[in-house]
2 protein chains.
Amino acid sequence: MASATATLPVEKDAIPSLLQQHGISPTAQRVEIAGILLSKCQHLSADQVLTRLTEHGASVSKATVYNTLGLFAERGLVRQVIVDPAKVFYDSNVAPHHHFYNVDDGNLIDVNAAEVPIEHLPHAPDGTVAEAVDIVIRVRNTG
Amino acid sequence: MASATATLPVEKDAIPSLLQQHGISPTAQRVEIAGILLSKCQHLSADQVLTRLTEHGASVSKATVYNTLGLFAERGLVRQVIVDPAKVFYDSNVAPHHHFYNVDDGNLIDVNAAEVPIEHLPHAPDGTVAEAVDIVIRVRNTG
DNA sequence: CATTTGAGCTAGACAGAGTCTAAAGCCGGG
DNA sequence: CCCGGCTTTAGACTCTGTCTAGCTCAAATG
């Protein structure tokens, strides 16, 4: 059940076992969705995943796409990125990193965590534990 | 038109001139909305602002609340906080700071920027300029 | 072999946040 | 007094995401 995170892109054949390593039974639809998202380092919304599925000729329902992406995120196979008020992006890169977010065109670019050294974090409020630190550098087109 | 950010809470009487300092003509509705949001250091969604308006007996339409909050954010009078995929929060504190976000109960707590020292930022991608750096520390209730 | 059980999938209804549109109100200048 | 621009408004609309109720299929059971 631990995270045996493969380097991107993940080969088609490797997907079923990768799912199983994350405690996810590899159904046809899940393999299909993972195949699209993990095919390279990218950020896709649920809707974009759905579109690509239909382009690939695979017919997966909207509910399944949402359920599956939620499941993948919960099990650490992908990561949610919340930068756009309108929708959630799913990031195929689960290594610790941050993001540039272009507010003009909605473009999202990875930033290696090592490039943003943080000396120390403040203590989490009483009764809570820190779970993740998300850094978003909002950029805007010049001119 | 520059930012003459008053310390919170902003007195009722000071609101019209504060709006004007940000290049916003102080209509009755805008003064009402600013009065609620700037009454203390807090994070409110558009919907929460709308609710408080009606509680105060002021009748402002939904469209106006959204338009006005968007305008305030654009002019630097308040700040958008994007942490919850479902809705945007408007932060009355525009001083540089970050946030704890409790994913269990949706609670949002300010973190002084000085408590999260960042040595240096990576260069923004070509053709873009950094505009803001948002750090969100996601926490979860213990037990 | 028939039956049951349960996980997973699906279509479509639904909910909530936010945007758009078309009309109406307000207000200052000529 | 009238005109023109800015602001507000109600309500329709869009879009993302969730929920429900039924269906499928495969594995376990008798």
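## Fold of chain A

Chain A is built from four helices and six strands. Walking along its sequence, you meet these elements in the order α-α-β-α-α-β-β-β-β-β. Please keep in mind that this is a predicted model.

The C-alpha atoms of chain A occupy a box of roughly 45 × 45 × 25 Å along the principal axes. Of the 143 residues in the chain, 41% are buried. Contacts in chain A between residues at least 6 apart in sequence include 46% that join residues at least 24 apart.

## How the two copies are arranged

Let us turn to the pair of protein chains. A turn of 179° with a shift of 0.0 Å along the axis lays chain B on chain A, with an RMSD of 0.2 Å. The two copies are therefore related as by a two-fold rotation axis.

The interface tells a matching story. Of the interface residues of chain B, 100% are also interface residues in chain A, so the copies meet through the same surface.

## The surface near DNA strand C

Now to the DNA, beginning with strand C. There are 16 residues around DNA strand C, and those that come nearest are A:Ser25, A:Thr27, A:Gln29, B:Lys62 and B:Val88. On the DNA side, sugar and phosphate make up 73% of the atoms of strand C that come within 4 Å of the protein. By class, the surface near this strand has six nonpolar, six polar and four charged residues.

Both chains supply elements here. From chain A, helix H2 (28-37) and helix H4 (62-74) each give at least two residues to the surface near DNA strand C, and from chain B, helix H4 (62-74) and strand E3 (87-91) each do so as well. Some polar contacts add detail. In A:Gln29, a polar side-chain atom sits 2.7 Å from a sugar or linking oxygen of DNA strand C. A:Ser61 uses the backbone instead: one of its N or O atoms is 3.1 Å from a phosphate oxygen of strand C. For B:Val88, a polar backbone atom lies 2.9 Å from a phosphate oxygen of DNA strand C.

## The surface near DNA strand D

Around DNA strand D there are 17 residues, of which A:Lys62, A:Val88, B:Thr27, B:Gln29 and B:Thr64 come nearest. Sugar or phosphate holds 72% of the atoms of strand D within 4 Å of the protein, and bases hold the rest. The surface near this strand has seven nonpolar, six polar and four charged residues.

One contact with a base comes from A:Lys62, where a polar side-chain atom is 2.8 Å from a base oxygen of DNA strand D. A polar backbone atom of A:Val88 lies 2.9 Å from a phosphate oxygen of strand D, while a polar side-chain atom of B:Arg30 is 3.2 Å from a phosphate oxygen of that strand. The elements giving two or more residues to the surface near DNA strand D are H4 and strand E3 (87-91) of chain A, along with helix H2 (28-37) and H4 of chain B.

## Cysteines

A last look goes to sulfur. Across all chains, a search of the whole structure finds zero disulfides. A:Cys41 counts as partly exposed because its relative accessibility is 43%, and B:Cys41 counts as partly exposed because its value is 44%. Both figures fall between the cut-offs of 20% for buried and 50% for exposed.

Definitions and conventions. Residues numbered from 1 in each chain as written. Chains lettered and ligands numbered in written order. Predicted model: local features only at pLDDT ≥ 70, side-chain atom pairs only at ≥ 80, totals over all residues. Heavy atoms only, no water. Disulfide = S-S within 2.5 Å. Buried < 20%, exposed > 50% of the residue type's maximum accessible area, 1.4 Å probe, protein only. Near = heavy atom within 4 Å. Polar contact = N/O pair within 3.5 Å; in protein donor to acceptor, adjacent residues only side chain to side chain. Nonpolar A, V, L, I, M, F, W, Y, C, P; charged D, E, K, R; others polar. Least-squares fit on C-alpha atoms with pLDDT ≥ 70 in both. Contact = heavy atoms within 4.5 Å.
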